[in-house]
Amino acid sequence: RRSTGSGWYAVEVLFLHGAGGWTDDQPIAEELRSRLRVPVAMPRFSNDEMTAAAWLGGIDTALEPLGTETVIVGHSFGASMALLRLTASPPEPLPRGMVLLATPFWGSEGWQGEYALPPGFTIPPGLPVFLHHCRDDGTVPPEHLDRYEALLPGAVIRRHETGGHQFEDRMNAVAGDVAALGS
């Protein structure tokens, strides 16, 4: 358990970077480490293996050594892969929750690709999900968040006016949701 100054929580973060964004997403991971003062594991996924199978296997490998206090934070492609992993075959034990940033929507009403959620997918009961998106994101259109909002009625939706794709000056809100999952 760690003190936040205003209370106690125990959490560790598995951060899943965006496609080809391991270097680009380092500032997000570092800001989570700094704000939360907790371990943030950030496995590096290969740009050469952009298949759902490769990423889902990598997520499984990354989850293996982590405990029951894990919160998954995903950014962009990593967020969509986290969502796909938790709907396809939920790991045991379940993470404490997911905080997903700029999540692309794959499928008939979004981007095309093998990364779409399966028909009739469900989120494991009791798994908290927070979806953050910036209206000025020039990479993943904000309309993708609208599609998730319709499909995930239990998710907490956070729309930010500014912050772009990299959530500049918006990490306080993200860290707050991660901390809430750890309390």
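Contact here means heavy atoms within 4.5 Å. Keep that cut-off in mind, as this predicted model is easiest to read through who touches whom.

Let's put it to work on Ser80, a residue of helix 3. Leaving out residues up to four places away in sequence, Ser80 touches Thr103, Pro104 and Trp106. Ser80 is also buried, at a relative accessible area of 2%.

Now step back to the whole chain. The protein has five helices and eight strands, and starting at the N terminus they come in the order β-β-β-α-β-α-β-α-β-β-α-β-α. The radius of gyration is 15 Å, close to the 16 Å that the globule rule gives for 183 residues, so the protein is as compact as a globular protein of that length. If you'd rather think in box dimensions, the C-alpha trace spans about 45 × 35 × 35 Å along its principal axes.

What about contacts over the whole protein? Take those with a separation of 6 or more: 76% of them join residues 24 or more positions apart. Buried residues make up 49% of the 183 residues. As for the surface, about 8,500 Å² is exposed, and carbon and sulfur atoms supply 49% of that area. On the charge side, there are 13 positive and 22 negative charges, and their mean positions sit 8 Å apart.

Helix 1, residues 26-36, is a good place to look at burial in detail. Its buried residues are Ile28, Ala29, Leu32 and Leu36. Looking down the axis of helix 1, you'd find these buried residues within an arc of 100°, so they line one face of the helix. Right after helix 1 comes Arg37, with a positive phi near 55°.

Back to helix 3, which covers residues 77-88 and also holds Ala82. Is Ala82 buried or exposed? Ala82 is buried, and its relative accessible area is 1%. Not counting residues up to four places away in sequence, Ala82 touches Leu16, Ile59, Ile72, Met98 and Leu100. For a sense of distance, Ala82 and Glu161 are 79 residues apart in sequence and 24 Å apart in space, C-alpha to C-alpha.

Moving on from helix 3, you reach the loop that leads to strand 6, and Pro93 lies in that loop. The peptide bond from Glu92 to Pro93 is cis, with omega near -5°, so to speak a spot to check when you set up your torsions. Strand 6 itself, residues 97-101, includes Gly97. Gly97 is buried, with a relative accessible area of 0%. Its contacts, again setting aside residues up to four places away in sequence, are Thr70, Val71, Ile72, Leu127, Pro128 and Leu181. Gly97 and Gly20 are 77 residues apart in sequence and, C-alpha to C-alpha, 24 Å apart in space.

Beyond strand 6, the loop towards strand 7 (129-134) contains Ala102. Ala102 isn't a glycine, yet its phi is positive, at about 50°. Ala102 is buried too, with a relative accessible area of 0%.

Last stop: where is Asp169 found? Asp169 is in the loop between strand 8 (156-160) and helix 5 (171-182). Its phi is near 65°, a positive value in a residue other than glycine. Asp169 is exposed, with a relative accessible area of 72%, whereas Ala102 is buried.

Terms used:
Residues numbered from 1 in each chain as written. Predicted model: local features only at pLDDT ≥ 70, side-chain atom pairs only at ≥ 80, totals over all residues. Heavy atoms only, no water. Helix = DSSP H or I, 4+ residues; strand = E, 2+ residues; numbered from the N terminus. Rg over C-alpha atoms; globule rule 2.2 N^0.38 Å. Buried < 20%, exposed > 50% of the residue type's maximum accessible area, 1.4 Å probe, protein only. Areas by Shrake-Rupley, 256 points an atom, 1.4 Å probe, with all protein chains shown as cover. Lys, Arg positive; Asp, Glu negative; His and termini not counted. Charge placed at Lys NZ, Arg CZ, Asp CG, Glu CD. Arc of directions from axis to C-beta.
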